[in-house]
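These are my comments on the model, set out as numbered points. Please read them with the structure open.

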Amino acid sequence: MKILIIEDELLIQKSLKKLLERKNCEVDATALGHEAIKLIKDNSYDRIICDLMLQDISGFDVIEESKTKYTLNDIRTKFIIITAYSSPQVLEKASKYGCKVLNKPFDSMVEAIQVFLS
Amino acid sequence: MENLNNTSNQEVTSLKIFLGDLDLESFIPTDQYSITEKISEANLILEKDHKGLDLEITYLFNGSLNRIKSDLNNLKTCLNLLFKTLSRHYLCKPKPFINSKINTKTLHSLYPDGIIPTLFTLSFDKSDISLFLQSLLKIEKFENYKTIHLFTHEKGSSSTNQITIDLENIDTESWSVQTFTTLFNAVKKSKNRSFGQSSLKASNFQVIGTCLAHEFILQTHNVVIIMTRNDFIAQTPQEIKNFESINLPLKFFINQYLTQESYNNKINQFEELADQILDNPSQQLNKLEMDKTLRLSFEKLVKKQSKKSNFHSEKLNLLGELLNTLRHELSNPLFGLQLSTELLKTEDLDPDQHEMVNDISTAIQRSQSIIENFSDLYKTNAQTESIDIANLIQEVFTLTKSESRSIKQEISFNSNEPNINITGNKTWLAQVFFNLIINSAQAMKYSRIDTPKITIKIQDTTKNQTEIHFIDNGPGIRETESDIFSPFFTTKTDGTGLGLNICKNLMEKMNGSIRLIKNDKGAYFKLVLPNENTNN
């Protein structure tokens, strides 16, 4: 399974990468939204784990651009949003794209991994 | 008793009762009461909060105790009648006498001076002046009179007002001071109160028909009141007499309404000014149009308060911002730490390393829960949920660990049920406990109490309420209850003085209460909460 992690907190990014690699996934990781868009354009990922507050642009910008520019299908199944601030606005926007939202910190690591790999 | 006997031997010389210039006989026929001396003076005073009209009666007397007692009983009867009459006439809601019980011992203790200031309080619900005037039109004695005009001139003001009222309509009009003065003098000169209609006709006051009129000079206003029949049938002598008989009460009521009105206006002016100043501190006070005395008192207040309150509100805002930033900045790296420790745990570690990783993991979880709790505390949305009180208190103790670490905690229940659940706002209640615990911990630390202890007793009462008794063994609270709960009251050098005030407000928001209980040792707060709480 090929997975992209978009997360600007390096410790989270690295740890998640390692955890998923142990589950035999091929994992790319980046802290920047623009770089993520490039990666999405050039690769075909099964899952994109996306933080919302990135240094350059928002996670939603990444989703929107992937959808319109690269006519990325299956936004719904591909993108999983991870965020520490799941305000009603965030949840509403996420449900517009049909994306799953996981709160940071995860309630249960096992469940989180299951969501990523399902 | 010995003293009382002494007094009864004294000679009766006089009994004076001061009732201002209120003539009781105009209310009640003399055959319904009898008092040794005619009541000659009364003082009508306004209650401090301007919510009602109070009649304060001061009487000076001399004489045997029996005589005094009988006089006072008569006075009581008389006042009750007066009270009933007033409430019937003016459709006011009566409030029972606050102090109608006459205690002979009290009488005696003040007797040597010959003056006993006993208060009989008559109170009337204050509402709009138009409602009061309409109630006058409903009095049987004046059933032929259909309209009331009230002309008022606030002393020093450049314009005057006219309110015209009948049972359906209220109109207002404004006149020059000169026009008002002409009318005022005409009414004043008219001896039988049915003063010349011609003086009214000449003006544009829209006063139609035969009328009864009276002028009053009040402390802040000059007033003319005119009742008209809307026809030209002459007033009967009885009507004139009736009108005369209500003049004094009229004067009191009108005075009260006008005082209240000008008081309200000043408050409004005051608030407006306060807003302007706070919005634009550079604005010159003297450029604003306002009453001079008001400006002076405001300047004083601004000097005294603004520095302090601005400072505190800034401090509070800053605290909120700081907490938010901390939460934003700390929760992500903490989560990173959590994830990486999870990873480490799965590595092949020797027991020592494993234990260390576990400790790190525990520390991370605690930090996360602190952040979580803090953001819960500052959550703005007001949701009700089921609260396990003991659990919540425990959470708050964890949150205040840095302050409350060395304090012995004892939580007990009055029932066998180990946890009492109520419905309410968890965040608010947590904040209340947070403030109480912090205060208590700091006070005990400051006074170097040897074995600091906080006892919390949770009691489920039969009234569908839960009582929480919060007691510490610290230095106690010397200040008064009203002081400690008022904003910006603090005994700490760096306190905001807002903690307990916030507690009180939050408890009230939850339809509960927080009281300071008198205690010989330590601080004692009693909190009461309804078991079911809807928040609004």
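1. Gln465(B) counts as partly exposed, because its relative accessibility is 27%, and the band for that label lies between under 20% for buried and over 50% for exposed. The model is a predicted one, and the accessibility of Gln465(B) is a value computed from it.

2. Gln465(B) belongs to strand S15 of chain B, which covers residues 465-472. With neighbours within four places in sequence left aside, Gln465(B) is in contact with Gln459(B) and Asp460(B), and also with Val528(B), Leu529(B), Pro530(B) and Asn531(B). Gly512(B) is 47 residues away from Gln465(B) along the chain, yet their C-alpha atoms are separated by 9.0 Å.

3. How many residues of helix H4 of chain B are buried? The count is eight of nine, so the helix, residues 129-137, is mostly covered. The buried residues of H4(B) include Ile129(B), Phe132(B), Leu133(B), Leu136(B) and Leu137(B). Polar side chains are also on the list, among them Ser130(B), Gln134(B) and Ser135(B).

4. Chain A has an open sheet of five strands, with parallel pairing and the order S2-S1-S3-S4-S5. Strand S2 (26-30) and strand S5 (100-103) of chain A each have a single partner strand, so one side of each has no neighbour in the sheet. On average, neighbouring strands of this sheet are turned by 20 degrees against each other, direction ignored.

5. At one edge of that sheet, S5(A) pairs with strand S4 (residues 79-83) of chain A in the parallel sense, over four bridges. Within this part of the sheet, Ile82(A) has Leu102(A) of S5(A) as its bridge partner.

6. The size of an interface is often given as the accessible area lost when the parts come together. For chain B and chain A, this buried area is about 1,400 Å², with 67% of it on carbon and sulfur atoms. The contact involves 16 residues from chain B and 16 residues from chain A.

7. Which residues form the salt bridge between the chains? Glu347(B) pairs with Arg22(A), and their closest N and O atoms are 2.6 Å apart. The rule finds one salt bridge across this interface. It also finds four residue pairs in polar contact there, both residues being at pLDDT 80 or more. Helix H9 of chain B (residues 292-345) supplies 13 residues, the largest share of the side of chain B that touches chain A.

Terms used:
Residues are numbered from 1 along each chain as its sequence is written. Chains are lettered from A and ligands numbered from 1 in the order in which they are written. This is a predicted model: local features need pLDDT of at least 70, side-chain atom pairs count only at pLDDT 80 or more; totals for chains, interfaces and linings use all residues. Side-chain values use heavy atoms; hydrogens and water are left out. Buried means under 20% relative accessible area, exposed over 50%, partly exposed in between (1.4 Å probe, protein chains only). Helices (H or I, at least four residues) and strands (E, at least two) are DSSP runs, numbered from the N terminus. Two strands pair if DSSP finds at least two bridges between them. Axes are lines fitted to C-alpha atoms, for helices over the stretch in contact, and angles run from 0 to 180 degrees between N-to-C directions. Contact means heavy atoms within 4.5 Å. Buried area is the accessible area (1.4 Å probe) that two parts lose on being put together, summed over both. A salt bridge is a side-chain nitrogen of Lys or Arg within 4 Å of a carboxyl oxygen of Asp or Glu. A polar contact is a pair of N or O atoms within 3.5 Å; within protein, one must be able to donate a hydrogen and the other to accept it, and residues adjacent in sequence count only if both atoms are side-chain atoms.
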